[in-house]
Structure formats: structure tokens, C-alpha cells
Amino acid sequence: MGGDSNGEEFDEFKSCSLSADVSEYESLSCFSSDDDIYGNGGAVSSPNHSPIVGSSVVLDSSFRVPAPVTLPVCGGGRAVVPPRKAAEADLSDFLNEVEIMKERFAKLLLGEDTSGGGKGVCTALAISNAITNLSATVFGELWKLEPLAPQKKLMWQQEMECLLCVSDSIVEFISSEQAFPDGEGTFEVMVTRPRFDLYINLPALKKLDAMLLNMLDDFSESEFYYVDGSVIISGSGSHDLETHSLSSPSVRPSSIRLEEKSWLPFPKVPPDGLLESVTNKLQQCKEWANQVLKAAMAINSSVLAEMEIPDVYLDSLPKSGRACLGETIYHFLAADQFSPERLLDYLELSSEYATLEIADRIEAAIHIWKQKFLKRHTNRTKAGRSSWGGKVKGFIGYMEKKKLLAQRAETILQNLRIRFPGLPQTALDMAKIQYNKDVGKSILESYSRVLESLAINIIARIDDLLYIDDATKTRASAYVGFLSI
């Protein structure tokens, strides 16, 4: 009997539809009774949607069916959009994202080796590679000053959040005072907080990340644009079209750009150049990017300095620091009047490869001399307790000389990195990253490194634009002077 009554009410409900074309959708929506989704017992109310008959249809005293939502369409009819389908689509997207994240975390735990062969790298290196690859995918070389695509920006934010959440488990215990429930007196307990280096540096890196993204978003409306690098169309007073090659010195940008890559975009400004307000904004953005670069470099260098030097690197060093540096650099270091800038001006630093090679040699010599100094110091300490301890006094001058050479070499290396901020990682840096086992330091190092690279690219693109703007204004003023003659 109950079944007949429900059947009659169901037939009556179907007869309430405005069109036979939508009866199938209405019948599908009749079996949804999720009060949490629709609210108010399944009633649907919206200023943009009009119900069919009422807010709901009652089949019996305990079963309330929400009415389907109708949208106006062309032709005077109505199309029914079941609310449940939208909720199911959102749930499906969420589950797909969860599965993707689970797969990526599993890949990190397996050390990027999903074959199960046990040939994966350590977790620290896997996370470092994941952050580096994500940055390369989202930002690339950043040849244009323009906002990131919404999909890429969302990808960067979501995936970085997932990768950085690993640091939530890297904690340390600190003492904390808490009050008794009755409010009389306090007691001391141990609570957890992120490890000190993560507690200080990770929030700072997140702020630097947000600053760089906001900086790119500010270029949404600009007077400049980009054209194919092989052909640069520059306007003049007579609006003639001129074709310039990338190798032309009159239009060469200030940053390093390979001439053979003619497909790279090239900045184009109005015929009279950029407005003064736009130029001032670019200069301000460049200063901000420089500040971000300095902060990221400071964090990266401090994290790398705290990493242990792997034995593999120390075993690969030659025995003599002098032979490693070469006679020219060694004589500059051993001179009575030492000048780092004079040495850098003398060296051939025309290419990135030559500069990196010199940095590797200087860094290797530093650790050779440090090892010898520590070894001599240990031997002297042991010998001082023996009967022939006085004989080692002759080595004091030798040790002090090696210590002085190491300090001067460190000064040259620092000045070299300041002069070439975009210098790639040295052999020691790559060895530290490869053999590092600390996940927290790996996160800080890779995060600061990719932000450092992004800041360098932004500064280079601003320099390109300012160079072209200056050349355009010079050409325009020269043309006006020619017409006035």
C-alpha cells in the first residue's frame, strides 16, 4: 500500500514538469535528499534560479525531494541543471587532486624511483629536485615582464604548499609557561615549534615569493610589448619600419642573451619612449627585485655554509693549493699588497664558463689550505705532549701563511659572487646538495635558489627594457634635431 501511494505521488510530481524534454532530469533529481548540500530540507532558493512548482516535493512524511534548478535559455524554454551534478563534479575534481598529490608524495618517499628497484635518491635530494623542476616548469627563463598565467600561478602555489608542508614535521622542543586552570600560578612545559632555521627563514622566503609574484602582476597593463627577436620594428618620426638584427650593437640589450636564439621575444616601446612615470616604476621594481635577490642569496649562502662538506669532494681535491690556482692567481694572493678587485680586473672573466672555472679553483684551494691547517694544528697539539714538541715551532709560520692565503681566497670568492650574482653553483655547492641528508636544509636551499633565479631574471628583463627605452629616446631626439636643421 505504501508503495502504491508513493508511486501515485511520484507520477503526480512528474506531471508538474513544464516540458516533457526535461522530465528525465527531474526524475533523476527526485532521488536526492542530501540536506547538507541543498540546505533547509532540500529547498533551493537563489535570485538567479526560479523553482518549478515549490521549493520541494514531499513523497512521504520522512522523504523530502529538492526541486531541480531551472535556468532561462533562448527560445522561451527552460533547461534544468541538477545541483547534485555540480557537487559531484567538484568532488570528482577534489579526489583527482588528492590522487595526484598522493602519487607525488609517494614518488618523493621512493626517491624518484617508482620501479621499486631501490635506486632512488634520498628524500632531501628528491624534494630539492621537485622544487627545482617545478620552478623550471612555471617560470622557465622568464623572457617577458608580464603576469603569470592563472593556471601556472595556481600550480606554483598549490604544489609549493604541498612540498613545504613536509617541514611541519621538522620541529624542536622549547619551554613554555602555561597557567593553571584556576588561574593561580604558572607551570613550565615543553612544546614543539619548527626548527630554528625553518622558523626564521621559511616565512621570510614565503614573503619574498609573494613579492616577486606581485611584482609580475603589476605588469598587467603596460606601454611596452614584445616582438620576435629576429626582427625588431622600431618607429621613428616618419614612421618608417626598420629591421635590426639581434647582433646589432645599437639594439643589443644589457643582459646576456645568446645571439643565435633569434626566436626569443624582444621588448618594444612607443616611438617616443616610455613615460617618466613608467620608467620610475621600472626603476623601483628593479630596486625591490635587488633587495629580494640579496635576501635570497643571504639565506642560500647561510644554508649552504651549514651543510657538511662531503668526503667525496674532499677526496677529489689535489694535494697542492698552489697548483690548483695556478702561478698567476697564487702570486696575487701571496703579494704583500693584496687587492681583490685588482685581481678580478686582471683575470679573463668574459664568459660564464671561465668565471665558474676560476670560482671552482679558488674554492678548492681554500679547502686544501684549511685541511692542511687543521692537520698541522692537530699534529702540533699531539706533539706538544711529547719530548720533541719544541721542534714543531718552525711550522707556526707555515700554518699562519696557509691560514692567510685561505682568508684572502675567501675574500676573492665573495667579491666574485657579488660581481656576478647569476653565477651558477660551484662544484662544492652541487656536492653539498647531492649528498645532503637534512630535509629542512634541502627545502631552504632549493626554495631560496629558485627565488634567487627568478629575481635575477626579472632584473635582467627590466634592464633590457630600460636599455631599449633609452636607445629609442636617443634616436627620437636625434631625429627631431635633424628635422630642425
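**Glu363, a helix pair and two cores**

Modeller: Let's start with Glu363: leaving aside neighbours within four places in sequence, Glu363 is in contact with Tyr313, Leu413, Arg417, Thr426, Leu428 and Asp429. Please keep in mind that this is a predicted model.

Biologist: Glad to. Where does Glu363 sit, and why is Glu363 called buried?

Modeller: Glu363 belongs to helix H13, residues 352–383. Its relative accessibility is 7%, and buried means under 20%, so Glu363 counts as buried.

Biologist: What about Leu142: why is that residue called buried?

Modeller: Same kind of test. Leu142 has a relative accessible area of 8%; set against the limit of under 20%, that value makes Leu142 buried. Leu142 is found in the loop between helix H5 (123–138) and helix H6 (150–164).

Biologist: What is phi of Leu142?

Modeller: Phi is near 55° there, a positive value in a residue other than glycine. Most residues other than glycine have a negative phi.

Biologist: Glu141 is in the loop between H5 and H6 as well. What makes Glu141 partly exposed?

Modeller: Its relative accessible area is 49%. Exposed would need over 50% and buried under 20%, so Glu141 falls in between and is partly exposed. Not counting residues up to four places away in sequence, Glu141 touches Asn457 and Arg461. Its C-alpha atom is also 9.0 Å from that of Ser453, although Glu141 and Ser453 are 312 residues apart in sequence.

Biologist: And how do you know that Tyr225 is partly exposed?

Modeller: Tyr225 has 44% relative accessibility, a value between the 20% and 50% limits, so partly exposed is the right term. Tyr225 lies in strand S7, residues 225–228, and touches Phe266, Pro267 and Lys268, with residues up to four places away in sequence not counted. The C-alpha atoms of Tyr225 and Glu146 are separated by 9.3 Å, with their positions 79 residues apart along the chain.

Biologist: On to helices. At what angle do H8 and H16 pack, and how far apart are their axes?

Modeller: Helix H8 (residues 276–306) and helix H16 (residues 439–484) pack at about 155°, and their axes are 8 Å apart.

Biologist: Why is H8 called roughly antiparallel to H16?

Modeller: Angles over 145 degrees count as roughly antiparallel; the angle here is about 155°, so H8 is roughly antiparallel to H16. The crossing of H8 and H16 is left-handed. By class, their contact has 18 nonpolar, five polar and nine charged residues.

Biologist: How many residues does the largest nonpolar core have, and which have the most contacts inside it?

Modeller: That core has 57 residues, and Trp156, Tyr447 and Ile458 have the most contacts inside it. At least two residues come from each of H5, H6, helix H7 (196–217), H8 and H16. The largest share, 14 residues, is supplied by H16.

Biologist: Which residues does Ile458 touch?

Modeller: Not counting residues up to four places away in sequence, Ile458 touches Leu142, Leu145, Leu212, Met215, Leu216 and Ala289. A second, separate core has 23 residues, including Phe332, Leu333, Ala409 and Leu423.

Biologist: And the whole chain: how many helices and strands are there, and what percentage of residues count as buried?

Modeller: There are 16 helices and ten strands, and 35% of the 485 residues count as buried. Among contacts between residues at least 6 apart in sequence, 70% join residues at least 24 apart.

Notes. Residues numbered from 1 in each chain as written. Predicted model: local features only at pLDDT ≥ 70, side-chain atom pairs only at ≥ 80, totals over all residues. Heavy atoms only, no water. Axes fitted to C-alpha atoms, helices over the stretch in contact; angles between N-to-C directions. Helix = DSSP H or I, 4+ residues; strand = E, 2+ residues; numbered from the N terminus. Parallel < 35°, antiparallel > 145°, perpendicular 65-115°, else oblique. Left-handed = near helix turned anticlockwise from the far one by under 90°. Nonpolar A, V, L, I, M, F, W, Y, C, P; charged D, E, K, R; others polar. Buried < 20%, exposed > 50% of the residue type's maximum accessible area, 1.4 Å probe, protein only. Contact = heavy atoms within 4.5 Å. Core = buried A, V, L, I, M, F, W, Y, C linked by side-chain atoms within 4.5 Å.
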